[in-house]
Amino acid sequence: MYAKSWITGGEFALDDSLKQLEAARRLVEPLDESQAPWRDKILFALADNYTMVGRHADGEVLFRQLHADQVRRLGADHARPAYTLVGLGRTLTNQGKLPEARTVFEEAIAKLGASLGAQHRMTLTARDQLASVQMQEGQFVAAAEQWAVAQASFAALLGEGSSWGIPTRPAPQVDQQSQGIAVQPTDVLHPGNPAAAAAGRAS
C-alpha cells in the first residue's frame with residue numbers, strides 16, 4: 001500500500017510516511033503557541049495516516065486531542081477545529097461508529113459552513129463524508145440528497161464532471177496556509193518551518 005506523503009509530496013510506503021510524520025511530531029509538540037499552526041498540520045497529517053494504515057484507534061485518539069487543543073486556542077467555531085472533526089469522523093466511520101460519525105460530520109458541516117461558506121471545498125468534503133455514513137446506515141434518500149448537493153457544488157467550483165478528487169478545471173486559490181487547516185508540501189518544507197529539519201533527518 002502506498003499513500004502520498006504530506007511532508008514531501010512524493011509517493012512513499014505508508015510506514016515510511018508515518019516514520020517521517022512521527023519524527024516531525026516529536027519536534028513540533030514541545031514548541032510554543034506561536035508555532036501551533038505547524039503543529040496542527042503535522043498532527044492532522046499523522047492522525048490521517050494512522051487511519052490509512054488501519055490504526056483507527058490511534059487516529060481517533062490523536063484527532064480528539066488535536067481538536068480539544070484547537071478549541072482551547074481558537075474556539076469551537078473556528079474552521080481549523082471544524083475541519084479536524086472531518087478527520088475524526090472518517091476514523092470513526094472506519095471503526096463502525098456510525099451514529100457518532102454522523103453527529104461529528106453534521107457538526108463539521110454546520111461550523112465549516114458558518115466560517116468558510118456552504119460552497120467551500122472543505123464544507124463539501126464534510127457533506128460527502130456524511131453521505132457515505134448515511135449510505136452505510138441505510139439512509140439512502142438522505143445520502144442521495146447530500147451527494148446531489150455536494151456534487152452540484154463541486155461542479156460549480158471545479159468544473160462539470162468534477163468530484164472531490166478529480167477536478168475538470170484548476171481549483172481557485174485558497175489561502176489555507178494562513179488558516180492553518182490543510183497540509184501542503186510547500187508549507188511543511190518552508191525554511192521557517194522547524195518540521196522540515198525533522199523530515200530531512202527521518203528520510
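The paragraphs below lead from the overall make-up of this structure to its core and then to three of its helices. The model is a predicted one, and the description therefore rests on computed values for that prediction.

Read along the sequence, the protein follows the pattern β-β-α-α-α-α-α-α-α-α-α-α, which amounts to ten helices and two strands. Of its 203 residues, 44% are buried, while the surface that the protein exposes comes to about 9500 Å², with carbon and sulfur atoms supplying 57% of it. Among the contacts between residues at least 6 apart in sequence, 54% join residues that are at least 24 apart.

The interior can be approached through the largest nonpolar core, which has 29 residues and in which Val-86 and Leu-112 are the residues with the most contacts. Six helices, namely α1 (14-28), α2 (36-52), α3 (56-74), α4 (79-94), α5 (98-116) and α6, each supply at least two residues of this core. What does Val-86 touch, leaving aside its neighbours within four places in sequence? Val-86 is in contact with Phe-105, Ala-108 and Leu-112, and also with Thr-125, Ala-126 and Gln-129.

Helix α4 has 16 residues and reaches 23 Å from its first C-alpha to its last, close to the 22 Å expected at 1.5 Å a residue. Because 15 of its 16 residues are buried, α4 is largely enclosed by the rest of the structure. The helix is followed by Gly-96, whose phi is positive, near 80°.

Helix α7, which covers residues 140-158, has 19 residues and spans 26 Å between its first and last C-alpha atoms, close to the expected 27 Å. Its buried residues are Ala-143, Gln-146, Ala-150, Ser-153, Phe-154, Ala-155 and Leu-158. An α-helix has 3.6 residues a turn, so residues three or four places apart point the same way. The buried residues of α7 pack against α6, which is made up of residues 121-136. After α7 comes Gly-159, whose phi is positive, near 120°.

Towards the start of the chain, Leu-14 lies in helix α1. Is Leu-14 buried or exposed? Leu-14 has a relative accessible area of 6%, and because buried means under 20%, Leu-14 counts as buried. The C-alpha atoms of Leu-14 and Met-52 are separated by 8.1 Å, although these two residues are 38 residues apart along the chain.

Terms used:
Residues numbered from 1 in each chain as written. Predicted model: local features only at pLDDT ≥ 70, side-chain atom pairs only at ≥ 80, totals over all residues. Heavy atoms only, no water. Helix = DSSP H or I, 4+ residues; strand = E, 2+ residues; numbered from the N terminus. Expected span 1.5 Å × (residues − 1). Buried < 20%, exposed > 50% of the residue type's maximum accessible area, 1.4 Å probe, protein only. Contact = heavy atoms within 4.5 Å. Core = buried A, V, L, I, M, F, W, Y, C linked by side-chain atoms within 4.5 Å. Areas by Shrake-Rupley, 256 points an atom, 1.4 Å probe, with all protein chains shown as cover.
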